[in-house]
Amino acid sequence: MSAPTDSDFATRRRSQLFDELLAMFLAEGFAHFTLDAIAARLRCSKSTLYTLASSKGELVRATTIHFFRRAADDVEAAVAEAGTSRAKITAYLAAVGDTLANASPRFLSDLAAFAPAREAYEQNTRIAAGRVKELIDEGVAAGEFRDVHAAFAADLAATTMVRIQQGAVRGATGLDDAGAYRELAAILTRGISA
């Protein structure tokens, strides 16, 4: 076994800083923070933050991407434990909802208002819609779902996911994000069941 290198330490420290940033942003949002305030909260220097990103905007974008990468790993782990296609779609959407349940309304509002972070969210939503389509296709091939237009069903899910992200579903129904994802999973899987 080899001794840890400076590079190993830097990678761990970088990951730790992103985790701390993410926890702070999820709880409190990010728009109101300055780089000085972020550095003070993380007990690091601004120069350390500049090793993560070249500006506050880039730091927010990088942290948002970190959030979605970690979320994707958690969501796929939930899908891997599910057996049937219906259970996989339910697990997928419920895990997305559970992940977003950790985000404060202020974080979601800041995310919607800041174009680079919103673009990362929108890209993640497109990826999620593609994944839902794959899971529907698997279910159709297995005879578990009726022969539906999987791209349309995935687009329907993606549209609802965007409305959830934007707070429109909460405003119209009172459902929190996690609850809305669970309802989406139930409606979608019942609607395409064989």
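Colleague: Let's start with helices H8 and H10: what makes their crossing right-handed?

Modeller: In this predicted model, the crossing of H8 and H10 is right-handed because, under that convention, the near helix is turned clockwise from the far one by less than a right angle.

Colleague: And why is H8 called roughly antiparallel to H10?

Modeller: The axes of H8 (residues 150-165) and H10 (residues 177-192) cross at roughly 165 degrees and come within 10 Å. Angles over 145 degrees count as roughly antiparallel, so H8 is roughly antiparallel to H10. On the H8 side, the contact is made by Ala153, Ala157, Thr160, Met161 and Ile164. H10 brings Asp177, Ala180, Tyr181, Leu184 and Leu188 to that contact.

Colleague: Asp177 caught my eye there. How do you know whether Asp177 is buried or exposed?

Modeller: The relative accessible area of Asp177 is 4%. The limit for buried is under 20%, so this residue of helix H10 is buried. Leaving aside neighbours within four places in sequence, Asp177 is in contact with Gly97, Leu100, Leu108, Ile164 and Arg170.

Colleague: Good, then on to H6 and H7. Why are H6 and H7 described as roughly perpendicular to each other?

Modeller: The axes of H6 and H7 (residues 115-141) cross at roughly 100 degrees and come within 5 Å. Roughly perpendicular covers 65 to 115 degrees, so the label fits H6 and H7. Leu108, Leu111, Ala112 and Ala113 in H6 meet Ala115, Ala117, Arg118 and Tyr121 in H7.

Colleague: Helix H6 also holds Phe107. What makes the pair of Phe30 and Phe107 edge-to-face?

Modeller: A search of the whole structure finds seven aromatic pairs. The rings of Phe30 and Phe107 have centres 6.0 Å apart, and their planes stand at 75 degrees. Pairing needs centres within 6.5 Å, and planes over 60 degrees apart count as edge-to-face, so the pair gets that name. The pair links distant parts of the chain, with Phe30 in the loop between H1 (6-28) and H2 and Phe107 in H6, 77 residues apart. Phe30 is buried at 3% relative accessibility, and Phe107 is buried at 1%.

Colleague: Which residues do ring pairs link into a cluster?

Modeller: The cluster is made of Phe25, Phe30, Phe33, Phe67, Phe68, Phe107, Phe114 and Tyr121.

Colleague: Now for the loop between H5 and H6. Why does Ser104 count as buried?

Modeller: Ser104 lies in that loop, between H5 (85-101) and H6 (105-113). Its relative accessibility is 14%, so Ser104 counts as buried, the limit being under 20%. A polar atom of the Ser104 side chain lies 3.3 Å from the backbone oxygen of Ala27. Beyond neighbours within four places in sequence, Ser104 is in contact with Phe25, Leu26, Ala27, Glu28 and Gly29.

Colleague: What about Ala101: why is it called partly exposed?

Modeller: Ala101, in helix H5, has 49% relative accessibility. Exposed needs over 50% and buried under 20%, so Ala101 falls in between as partly exposed. Ala101 and Leu26 are 75 residues apart in sequence and 9.7 Å apart in space, C-alpha to C-alpha.

Colleague: One last residue: what makes the phi of Arg43 worth a look?

Modeller: Most residues other than glycine have a negative phi. Arg43 is not a glycine, yet its phi is positive, at about 55 degrees. Arg43 lies in the loop between H2 (35-42) and H3 (46-52). With 77% relative accessibility, Arg43 counts as exposed, because the cut-off is over 50%.

Definitions and conventions. Residues numbered from 1 in each chain as written. Predicted model: local features only at pLDDT ≥ 70, side-chain atom pairs only at ≥ 80, totals over all residues. Heavy atoms only, no water. Helix = DSSP H or I, 4+ residues; strand = E, 2+ residues; numbered from the N terminus. Buried < 20%, exposed > 50% of the residue type's maximum accessible area, 1.4 Å probe, protein only. Polar contact = N/O pair within 3.5 Å; in protein donor to acceptor, adjacent residues only side chain to side chain. Contact = heavy atoms within 4.5 Å. Phe/Tyr/Trp six-rings, centres within 6.5 Å; stacked < 30°, edge-to-face > 60°. Axes fitted to C-alpha atoms, helices over the stretch in contact; angles between N-to-C directions. Parallel < 35°, antiparallel > 145°, perpendicular 65-115°, else oblique.
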